[in-house]
Amino acid sequence: MTRAVSTPPAIASGSLGGSPQPTLTAAAGLFLRPWEDADVPSFLSAYEDDEIRRWHTRRPDHELQVREWFDAYRQDWRDEKGGHWAITRDGAEVLGRIALRGWDFDDGAADAAYWVLPAARGAGVAGHALSALTSWALNEIGFHRLELDHSTRNHASCRVATKCGYVLEGTKRSAAVHDDGRHDMHLHARIREQ
């Protein structure tokens, strides 16, 4: 059902999906680029890491499934539903993943999500990537509100969100299921300055 909205959309439909997904530059020599077929083994191996598995219950089981996910990521871009990027060093070595999902062009809102490979943790990779994605989304594209949530037990994600200016707005009680049961989730948000 199409919703009749009395206000103009925050972002015009067709403003992103008709163009190629961009590569974004982040601090410390990092680049956010669309996923490529050559990244399939790196992406799949990330889900063998205990910390990534702990916080992400949706996991690929084999390379064919990763390829299907990458196809879905490309379709998300074309359909203006989301963008999914590999966090890389100099555009090559994959260090992590970052996404902006659930695009709502009427209200100018979206949700951010990320993970970082073990070898890249503690070097500011997630923060640099989130800062770059946030700046692009708010300042270049015109999103008004970006949200991210994480388990209240995931202290590292909380630090990244807070450091990047995502204000902790509250706790969503028993909002997500993880392998060890239901978790409360922190809700953070960043608003575009007027």
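**Figure 1. The largest cavity and the helix that helps to line it.** In this predicted model, helix H3 gives the most to the lining of the largest cavity, contributing three residues. The full lining is made up of Gln21, Pro34, Trp35, Phe70, Tyr73, Arg74 and His84. Sorted by class, these residues are four nonpolar, two polar and one charged. How big is the space they surround, in terms of volume? The volume of the largest cavity is about 30 Å³. When the whole structure is searched for cavities of 30 Å³ or more, one turns up. Rolling a probe the size of a water molecule over the atoms is a way to see where empty space is left.

**Figure 2. The salt bridge between Asp37 and Arg74.** Keep Arg74 in mind from the cavity lining, and look now at its salt bridge with Asp37. The closest N and O atoms of this pair are 3.7 Å apart. Which parts of the chain does the pair link? Asp37 sits in the loop between strand E2 (30-34) and helix H1 (40-46), whereas Arg74 belongs to helix H3 (residues 63-78). These are distant parts of the chain, with the two residues 37 apart. Are the partners buried, exposed or partly exposed? Asp37 has a relative accessibility of 45%, so Asp37 counts as partly exposed. Arg74 is partly exposed as well, with a relative accessible area of 30%.

**Figure 3. A buried salt bridge and its network.** Here the side chains of Arg33 and Asp39 meet in a salt bridge, at 2.7 Å from N to O. Why do both partners count as buried? The label applies to residues under 20% relative accessible area. Arg33 has a value of 5%, so Arg33 is buried. Asp39 also has 5% relative accessibility, and therefore counts as buried.

For a second pair, turn to Glu93 and Arg89, whose side chains meet in a salt bridge at 4.0 Å from N to O. Glu93 is partly exposed, with a relative accessible area of 47%, and Arg89 is partly exposed, with 34%. Back at the buried pair, salt bridges that share partners join Arg33, Glu36 and Asp39 into one network. For the structure, the count of salt bridges comes to 11.

**Figure 4. The largest pocket.** Now for an open space: the largest pocket has a volume of about 1,200 Å³. Which of its 45 lining residues are closest to the centre? They are His56, Tyr114, Trp115, Asn154 and Ser157. Strand E5 (residues 109-116) supplies the largest share of the lining, with six residues. By class, the lining of the largest pocket contains 21 nonpolar, 13 polar and 11 charged residues.

**Figure 5. Strand E8 and its two partners.** Follow strand E8 (residues 181-191) and you meet strand E6 (residues 145-151), joined to E8 by seven bridges. E6 and E8 run antiparallel. One place to look is Arg145, whose bridge partner in E8 is Ile191. How many bridges pair E8 with strand E7 (residues 167-178)? There are eight bridges, again in the antiparallel sense. In this pairing, Lys172 stands opposite Met185 in E8. E7 and E8 form a hairpin, and two residues lie between them.

Definitions and conventions:
Residues numbered from 1 in each chain as written. Predicted model: local features only at pLDDT ≥ 70, side-chain atom pairs only at ≥ 80, totals over all residues. Heavy atoms only, no water. Buried < 20%, exposed > 50% of the residue type's maximum accessible area, 1.4 Å probe, protein only. Helix = DSSP H or I, 4+ residues; strand = E, 2+ residues; numbered from the N terminus. 1 Å grid on protein atoms, 1.4 Å probe; cavity = no way out; pocket = protein on both sides within 12 Å on 5 of 7 lines; lining within 4 Å. Points joined across faces, edges and corners; volume = space filled by probe spheres on them. Nonpolar A, V, L, I, M, F, W, Y, C, P; charged D, E, K, R; others polar. Pairing = 2+ DSSP bridges.
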